[in-house]
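This note is intended for a colleague who is meeting the structure for the first time. The points below are numbered so that each may be checked against the structure in turn.

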Amino acid sequence: MKLFQQLLVAPAALGLMAPMAANAADLDIKGVSDYSASSEQVTSISQFQDVYPTDWAYQALSNLIERYGCVAGYPSGSYLGNRAMTRFEAAALLNACLDRITEVTDELRRLLQEFEQELAILKGRVDGLEARVGELEATQFSTTTKLVGQTSFVVGANSFGGDAEQLNGEDRADAAARASGATVFNYDMRLELNTSFTGKDLLKTRLRAGNFADSPYGGGGYVGLDAMEVAFGEEGKEDQVTVDRLWYQFPLGDSFTVTAGAMVRQDNMLAVWPSNYPSETILDVFTYAGAPGAYSLTKGGGGGIWWEQNNWSISASYVSGNADDGNPNTGGIGTDGAASNATAQIAYADEQWGVAAVYSYTSGDNGAGIYAGNGTPLAVFASKTGTSNSVGVSAWWSPEDTGWMPSISAGWGYNGISPDDHDIYLEGVLLGQANDIMDNATSQSWYVGLQWEDAFVEGNVLGMAGGQPTFLTAIEWDDDFYDSEFVADGNYAFELWYKFQVTDNISVTPAVYYLSRPYGDITDGNGPAFGGGRSDDTFSNFGGLVRTTFKF
């Protein structure tokens, strides 16, 4: 007898064999006769008129009927589940079930013999897979870490036009072409190690290298707004692998998440990034949800926490761009010299749309805040004179199905700048202390991004964006420095791109972009803010590039 048959028989056999005192009065011969007379097995528990789903043994009885068909009732259509069972009735029930099990066993034996060859092949394959899995486990990089990589190639060039002149009288377009007019070929490489110890936490380590330091796309070229988000590689450190991210994130209870690290960026500590645009980044200025001042993406040592429930979230964080510096005058955390950024965000994010508001305090005088890649030269200059209080509002929406309707992302940012008493330099010349030069300043920014998924071909993406990089809207100079509050810093940026998804891991994205007035107020040498007066002189930048991305 098979083991599982023995297990089935044992309890009943013990009951049948147990010593027990029984007399004729205890034995219901008529009940046994009635039970035996009902030889027709029931096929559904619903055939019993006195068995209900609320009965405690309902599921067990249902299994015996539907799986084995070895339960019979009384001729009246009743099961009489509360009636005491005699030893004869137990023997009859047990015999019926064993008969059914024997039938099933014979059928299984026949099937095993019929498919013996196929089963042998499958067994061999399973043994082979087990061997390969064992080999992979023995040679895998880590049981807790996953490696994700991305490499980007960028080939592109810029052209410049307009009749504006520099301070030295040289044509600005000619100077720009001489400094940044060549065709360039740059790369960016990222290796991410994502480690989880509990399945809910994340230790993020990113290694990165690139050669954009001297490229017009690195943010340090003649036109800073040509900068790309993918650009990486500091001056003197090109082609060197450095640690670009190092932070740890873990849940705290059911609704809170904590993030902290020695190399963490502001957006790593936000529950929501308030934009769907872009899926493939081109100009860096369009990657700040319309508010580069509030979402400055300051990176360094810091930590944050967010709460998230029912699509709502609240995030709070602090990061210092020079937290590794032990001199409180030039670095640290929360010191006078810290490149501090403190951020608070409230957001609502549904499956297809969302909206977010953010407040940010930034120590621009110590290096945090906007840079040449997301603001005009005058806006960047003003932001470095002191601290900024910035706000931003961003929203996004995406259609339920892909088609002619694009996803839409938009955002606006405002920055109030308060100068302090540190020294200000302009082109290497000391102008004086910041609060002796200007009393206050304000700047703004905005953008709208459109993105069509599965454009023309499934998997491909079409995108375009337009807006104004951070530009100075008002500045109040100190009367002893300059007696004017007029500023004409407005400018516009546009980009258009199409991503060809060649394979699951390779994409090619040609793009064009246009900057209407990247130098803003100082387009023609000394602009109105510096006493140059209103000028109709122009300077613009048109560019094109091809970005190829490999993901692995």
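1. Asn311 lies in the loop that runs between β6 and β7 (312-320). In this predicted model, the residue has a phi near 75°, a positive value although Asn311 is not a glycine. With a relative accessibility of 36%, Asn311 counts as partly exposed.

2. A positive phi also occurs at Asp239, again a residue other than glycine, where the angle is about 70°. Asp239 belongs to the loop between β3 (202-210) and β4 (242-252).

3. The loop between β5 (256-265) and β6 (299-309) holds Pro278. The peptide bond between Tyr277 and Pro278 is cis, with omega at about -5°.

4. Asn268 is likewise placed in the loop between β5 and β6. Is Asn268 buried or exposed? Its relative accessibility is 16%, and since the limit for buried is under 20%, Asn268 counts as buried. Setting aside neighbours within four places in sequence, the contacts of Asn268 are Arg245, Trp247, Gln249, Thr259 and Trp306. With Trp247 there is a polar contact between the side chains, at 3.3 Å. The C-alpha atom of Asn268 is separated by 8.9 Å from that of Leu297, a residue 29 places away along the chain.

5. For the chain as a whole, the secondary structure consists of eight helices and 18 strands. The protein chain has 552 residues, and 43% of them count as buried. Its accessible surface is about 28,400 Å², with 57% belonging to carbon and sulfur atoms. If one takes the contacts between residues at least 6 apart in sequence, 66% of them join residues at least 24 apart.

6. Which residues have the most contacts inside the largest nonpolar core? They are Tyr217, Val223, Phe286, Phe539 and Leu545, within a core of 32 residues. At least two residues of this core come from each of β1 (145-161), α6 (172-180), β15 (461-477), β16 (493-501) and β17 (506-515). Separate from it is a second core, made of 13 residues, among them Phe381, Ala434, Ile437 and Trp477. As a general background, nonpolar side chains in soluble globular proteins tend to be buried together.

7. Helix α6, one of the contributors to the largest core, has Arg172, Ala173, Ala175, Ala176 and Ser180 as its buried residues. Viewed down the axis of α6, these residues fall within an arc of 160°, so they line one face of the helix. The element against which the buried residues of α6 pack is β1. At the start of α6, the backbone nitrogen of Ala173 has a side-chain oxygen of Asp171 within 3.1 Å.

8. Helix α3 (residues 58-68) offers a second case, with Leu61, Ser62 and Ile65 buried. Down the axis of α3, the buried residues fall within an arc of 100°, so they too line one face of the helix. The general background is that an α-helix has 3.6 residues a turn, so residues three or four places apart point the same way. Gly69, just after α3, takes a positive phi of about 60°.

9. Which side chains of β17 are buried, and which are not? Ser507, Thr509, Ala511, Tyr513 and Leu515 point to one face and are buried. Ile506, Val508, Pro510, Val512 and Tyr514 point to the other face and are not buried. Such alternation between the two faces of the sheet is what a regular strand shows in general.

10. The partners of β17 deserve a separate point. β16 and β17 pair in the antiparallel sense over seven bridges, and the two form a hairpin with four residues between them. In this pairing Glu495 stands opposite Tyr513 of β17, and Tyr513 is among the buried residues of that strand. β17 is also joined by ten bridges to β18 (residues 540-551), with which it runs antiparallel. Here Thr509, another of the buried residues of β17, stands opposite Arg547 in β18.

Methods. Residues numbered from 1 in each chain as written. Predicted model: local features only at pLDDT ≥ 70, side-chain atom pairs only at ≥ 80, totals over all residues. Heavy atoms only, no water. Core = buried A, V, L, I, M, F, W, Y, C linked by side-chain atoms within 4.5 Å. Buried < 20%, exposed > 50% of the residue type's maximum accessible area, 1.4 Å probe, protein only. Arc of directions from axis to C-beta. Pairing = 2+ DSSP bridges. Contact = heavy atoms within 4.5 Å. Areas by Shrake-Rupley, 256 points an atom, 1.4 Å probe, with all protein chains shown as cover. Polar contact = N/O pair within 3.5 Å; in protein donor to acceptor, adjacent residues only side chain to side chain.
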